[in-house]
Amino acid sequence: MAARAPGHRWKRLASLLPFVFFVVPLLLAAQAVRENTGIIDMDGERFPPEDPHEKAEWAFARFHYDLDYEFGRFRFQRWAADYPKSDRQFVVGVRRLTRVQARTKEHVIDAKDDELYDWPWLYVEDAGAWVLEPEQAARLREYLLRGGFFMVDDSHGDYEWATLLAGIRMIFPDRPVEDLENSDEILHVVYDLGDRVQIPGTRYIWGHRPYTPDSAVPKWRAIRDDRGRIMVAICHNSDVGDAWEWADSPNYPERAASLAYRIGINYIIYGMTH
């Protein structure tokens with residue numbers, strides 16, 4: 001038996017060679033993507049490249065914000081959650097359900113970039129994790145007062161609300177954050193959204209994460225300018241982007257996915273016409 005043991009070990013090592021030469025490089029490449037960009041394609045689906053210079057009436061622009069150590073230590077950048085599948089599938093719905101000439105490829109706007117002013121509609125994912133510097137807050141304040149529109153999504157519970165609100169208070173120290181009334185125009189500009197149920201993230205469906213008392217009730221909130229125009233529309237205790245991302249899954253609730261598309265479309269039309 002002792003004489004055969006070395007050969008047996010070599011056979012076992014040889015059986016691992018396909019893993020070493022094929023699978024390990026893929027894992028390292030995936031880790032490099034996480035480390036360099038923080039962008040994780042949540043279900044592994046890849047989209048074909050699109051023309052970033054395509055002419056269109058509207059484009060999905062996602063806001064890239066900074067994070068503190070607590071939220072960045074695992075190299076997962078929460079501004080990029082659900083990216084890019086969520087963005088692309090929502091655009092498909094916009095093109096299918098409206099006459100808006102929507103660009104097929106999304107765009108990412110950095111908090112420090114003056115290119116911000118070129119994109120009148122911005123989506124902010126999980127602002128319950130953002131960190132703003134004073135100059136970034138000042139730039140966002142000017143952007144919004146010039147006519148820009150922020151859709152803020154996927155914050156849950158009191159702790160994340162406090163973090164989101166801290167950034168909002170840097171942008172607008174004195175403007176109130178109000179709960180939207182059923183009669184507000186933004187809820188009726190295309191679709192009538194009187195029945196605004198909670199839109200769950202997959203972590204609450206497939207991950208079996210329980211809702212806490214402070215995250216169980218969805219909140220639809222807004223900040224207005226001096227003329228009453230909504231500049232910031234906030235979906236708190238809901239995950240609209242997750243519904244866009246998983247709308248093609250038979251396991252995601254159709255009612256929530258349909259509502260997520262209606263909300264997004266209403267916010268686009270309102271933001272682009274007010």
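**Entry 1: helix α8**

I started with helix α8, residues 254-273, and found that α8 lies across β4 (121-125), β6 (149-155), β8 (219-224) and β9 (230-236). I noted an angle of about 155° between α8 and β6. The model is a predicted one, and I read everything below with that in mind.

**Entry 2: the sheet**

I then looked up the strand order. The sheet is open, has 7 strands with mixed pairing, and reads β3-β1-β4-β6-β9-β8-β7. I marked β3 (107-110) and β7 as the edges; each has a single partner strand, so one side of each is left without a neighbour in the sheet.

At the β3 edge I checked the pairing with β1 (residues 61-64), which is parallel over 4 bridges. There I found Arg62 bridged to Val108 in β3.

**Entry 3: strand β6**

I asked how many residues of β6 are buried. I got 7 of 7, and put the strand down as mostly covered. On one pairing, β6 runs parallel to β4 over 5 bridges; on another, 5 bridges join β6 to β9, also parallel. I followed Phe150 through both: Phe150 is the bridge partner of Leu122, and its own partner in β9 is Val232.

**Entry 4: the nonpolar cores**

I listed the largest nonpolar core at 36 residues, with Trp58, Met151, Ile199 and Tyr267 having the most contacts inside it. At least two residues each come from α3 (85-97), β4, β6, β8, β9, α7 (240-245) and α8. I noted that α8 gives the largest share of this core, 10 residues.

I took Tyr267 for a closer look. Setting aside neighbours within four places in sequence, I found Tyr267 in contact with Trp121, Phe149, Met151, Leu180, Ile186, Trp220, Ala233 and Cys235.

I also recorded a second core, separate, of 30 residues, including Tyr65, Leu144, Phe150 and Ile171. Phe150, followed in the previous entry, therefore belongs to this second core by the grouping of buried nonpolar residues through side-chain atoms within 4.5 Å.

**Entry 5: Arg196**

Last, I went to Arg196, in the loop between β7 (178-179) and α6 (202-205). Is Arg196 buried or exposed? I found it buried, and without a salt bridge. The nearest side chain of opposite charge is Glu181, 7.2 Å away; a salt bridge needs nitrogen and carboxyl oxygen within 4 Å, so this pair does not count as one.

I wrote down what Arg196 touches, leaving out residues up to four places away in sequence: Leu180, Glu181, Asn182, Leu187, Pro218, Trp220 and Leu259. Trp220 and Leu180 are also among the contacts I listed for Tyr267.

Definitions and conventions: Residues are numbered from 1 along each chain as its sequence is written. This is a predicted model: local features need pLDDT of at least 70, side-chain atom pairs count only at pLDDT 80 or more; totals for chains, interfaces and linings use all residues. Side-chain values use heavy atoms; hydrogens and water are left out. Buried means under 20% relative accessible area, exposed over 50%, partly exposed in between (1.4 Å probe, protein chains only). Lys and Arg count as positive and Asp and Glu as negative; His and the chain ends are not counted. Contact means heavy atoms within 4.5 Å. Two strands pair if DSSP finds at least two bridges between them. Axes are lines fitted to C-alpha atoms, for helices over the stretch in contact, and angles run from 0 to 180 degrees between N-to-C directions.
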